[in-house]
Amino acid sequence: MKKKSDFTEYKKEIMDAAHDDRLRLALSRAVKSFRGNVKNALEKFPHTVALADEVLKIKEKSIPDLEKLTRQAISAIEENKGKGYIARTAEEALQIIGGLVGTKKLIVKGKSMTGEEIGLREHLEEIGNEVFETDLGEFIIQKMGSRPMHILSPSIHVPREDVARLFSKIMGQEIAPDAEIADMVAAAREYLRDKFFRADIGISGANVVAAETGTLFIIENEGNIRLATGAPPVHITLVGMEKLVPTLSDAFKVSEVTWRYANYTVPSYVSLISGPSKTGDIEKVTTYGAHGPKEFHVIFLDGGRTRLAKYPKLRQALYCLRCGGCLYECPVFAVTAGHFGDKYFTGIGAVWAAIVNQDREKAASLAYTCLTCGRCRQRCPVKIDVPEMIIELRKMLAEGEQT
Amino acid sequence: MDTDLVPPGLTYLADNIITRQNILGVSKEQGARWAQKLDLPAHADTVFFAGCGYQYSAQLEVLMSMARATDKSVIGSELPMRFARFQKKLGLNLPGIYSNVLSRGGETEVKPLEAAVKVLRKLGVQPGYLAENEPCCGAPLHHAGLQSKFAENARQAYRTLKFAKVKRVIGIVPYCTHALQKLFPLYVDGYDLEVRHFLEIVAGKISLFKLKYPRKVRVTYHDPCQLVRYMSLVEEPRRILKAIEGVELVETDWTKGEWATCCGGGGGFETVFPELSQVLAVNRVTELMETKPDIIVTHCPGCIMQLKDGLNQLKVEGVEVLDLSQVVAAAMDL
């Protein structure tokens, strides 16, 4: 490896994780329940498998067309009286959002991998705002000063006793290490409740975006997204361009397949948001900001995605629905969790590091950590061939091709 | 070329393949020793392709135990691997160390190959064997990302096989067979060798034979990644095992067939992460032990090495790891 110390440090990090018995225990429990839940969800709704094939076709059609879809979505959003933006880089996205937010604001935030990718929370805090993560897992991670270890369950590696200790510290009420999980959840609810209504701005990501109507599809179970995107006067969404599909009907299909492979028969909430809140109830005069946000901003992040879309094999990484299923099938992830990763995890994380973040050393470390065993491909609803991408990526790295 | 980005464990294997046509850089004669008593013809339309994994399994075990020991120490495995690459310059004689090991009874390790040849003969297939002239498939080059070297090696290997007038190849090592069957056609113009895996041939003819294992045993099967997810050989090994009287096939609930967990030794991973690879081997063995087997059967030299190590680490006694070819040979009383 070129920067020898990088690889040595990386290897030490993943070996430390591999020797962490608590992490292993937390993961093995999660793997078992995830597999059972997916099996159940697919048995109950067997059409999902064929629907996933359709979703692959939708993604194959959408990814080469990102620019066009983004422009279409922006014009639809603006027709709906929202505002749309393209950020070419992470810095540009931070600048746009920073400009919209300003300083000394109270912000409630939903979980967003894209936000994590660009360091959104940290940036907003740096410029003088108070930010609350409202997804329970993400909230725990934020308060621990840690980083997410799974795309859907960021605090997958934290056992309940640690949560009790953390909550006791930040909430000023004693929570016993053997307290019921329900009591911990209730404590978080109570702590965050007024933040939603006092917040100046709500920030979210999105799972899918329908270009024709500019509609965001946001899948969740906790209800924090409903509150964060509904209660504050301003709603800002940061979403990767790869989440765009042409039509509403495509977006429904992608959503259903996403949650089913993410181990849910049906999630508690799917929010469809296309513009700011409005009413015409008094003399048919359209007025914005009725009960929901008056302002609605959507930032589409390129950040290397359109570059990645040009690589015939590696572009598959953009088909990823972020259901997280592959992670539970990866034998290395089972002992290291997100330590085998960068902004994103495992093999897809390697591609992301190489092309999107253009960090060849990190990409090499990750690429050579993949076993190329192929069980992730077996799980993937859109059949992303991770081993194929990894071999291609290793070739590019080993033979000095441009990334 | 930016080989600096390739981990030293893989460049070590790659250098050996390029210079000596085998992954360890030892003599080809050493590798061919297993076949001495079998009288396999050097010229035949159909040849048995033995591959590095089984032929050098004893030596590989030595390399891996050294690598694991240093990987767990403060030294780490990178530096020794980097040095091993320049072994000749440093006067280090790894191949010599391997040979000594071999003379200390390492020959027991070649049994799967002998068993496979005997099984093929019983099924009416009389393969040849190129012995020291058998080319290396070069699969680790492909896995390391050294595609142009792999392509060069593939073309050379093809020429060697054609020069020996080979028409058909029966492969047994999953990596070699996959390379010869699926990867070579991508890099060799006019590739015309018919490549089949040992399992396919056995599964096709097994019903014609009466098979009985010497004793009653509970057997669990570990699917090698290359066979099950790259070559779709899912049903074949099960059909074979179920045809053997005295064998009770017991499998894990989830991690079988296409869902089998990797043993932790994929594509040279074990040379890059010797210690992590061992952790994964232990995990896989733990899963397999849930079936309470007498024998863990698999069909890949890498998996055999990993699973044996896993059993050792867990201090499990009384459970054997056998190659499928050994089980079939025993059931044919060969």
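## Helix α9 of chain A

A residue counts as buried if 20 or more other C-beta atoms lie within 10 Å of its own, and as exposed if 12 or fewer do. In this predicted model, the buried residues of α9(A) are Val163(A), Ala164(A) and Phe167(A). Viewed down the axis of α9(A), these buried residues fall within an arc of 100 degrees, so they line one face of the helix. An α-helix has 3.6 residues a turn, so residues three or four places apart point the same way. The other side of α9(A) carries Arg165(A) and Lys169(A), which are exposed.

Helix α9 of chain A covers residues 160-171. At 1.5 Å a residue, its twelve residues should span 16 Å, and the end C-alpha atoms are indeed 16 Å apart, which agrees. Just after α9(A) comes Gly172(A), with a positive phi of about 65 degrees. The cover over the buried residues of α9(A) includes α8 (136-144) and α10 (181-198) of chain A.

## Nonpolar cores

The largest nonpolar core has 217 residues. Those with the most contacts inside this core are Val209(A), Ala350(A), Val351(A), Ala367(A) and Leu393(A). Both domain 1 (4-44 + 311-398) and domain 2 (65-303) of chain A give residues to the core, so it lies between them.

Leaving aside residues up to four places away in sequence, Ala367(A) touches Ala350(A), Ile390(A), Leu393(A), Arg394(A) and Leu397(A). Apart from the largest core lies another, of nine residues. Among its members are Phe139(A), Val163(A), Ala164(A) and Phe167(A); the buried residues of α9(A) thus appear here again.

## Contact between chains A and B

The contact takes 26 residues from chain A and 34 residues from chain B. On the side of chain A that touches chain B, at least two residues each are supplied by α1 (4-18), α15 (333-336), α17 (360-367), α18 (375-379) and α19 (386-398) of chain A. Helix α19(A) gives the most, with five residues. By class, this side of chain A has 14 nonpolar, five polar and seven charged residues.

## Pro185 of chain B

In chain B, Pro185(B) lies in helix α11, which covers residues 174-187. Pro185(B) has 16 other C-beta atoms within 10 Å and is therefore partly exposed, a class that falls between the buried and exposed cut-offs. Pro185(B) and Arg155(B) are 30 residues apart in sequence, and their C-alpha atoms are 9.9 Å apart in space.

How values were computed: Residues numbered from 1 in each chain as written. Chains lettered and ligands numbered in written order. Predicted model: local features only at pLDDT ≥ 70, side-chain atom pairs only at ≥ 80, totals over all residues. Helix = DSSP H or I, 4+ residues; strand = E, 2+ residues; numbered from the N terminus. Expected span 1.5 Å × (residues − 1). Arc of directions from axis to C-beta. Contact = placed C-beta atoms within 7 Å. Nonpolar A, V, L, I, M, F, W, Y, C, P; charged D, E, K, R; others polar. Core = buried A, V, L, I, M, F, W, Y, C linked by C-beta atoms within 7 Å. Domains from an automatic or database assignment.
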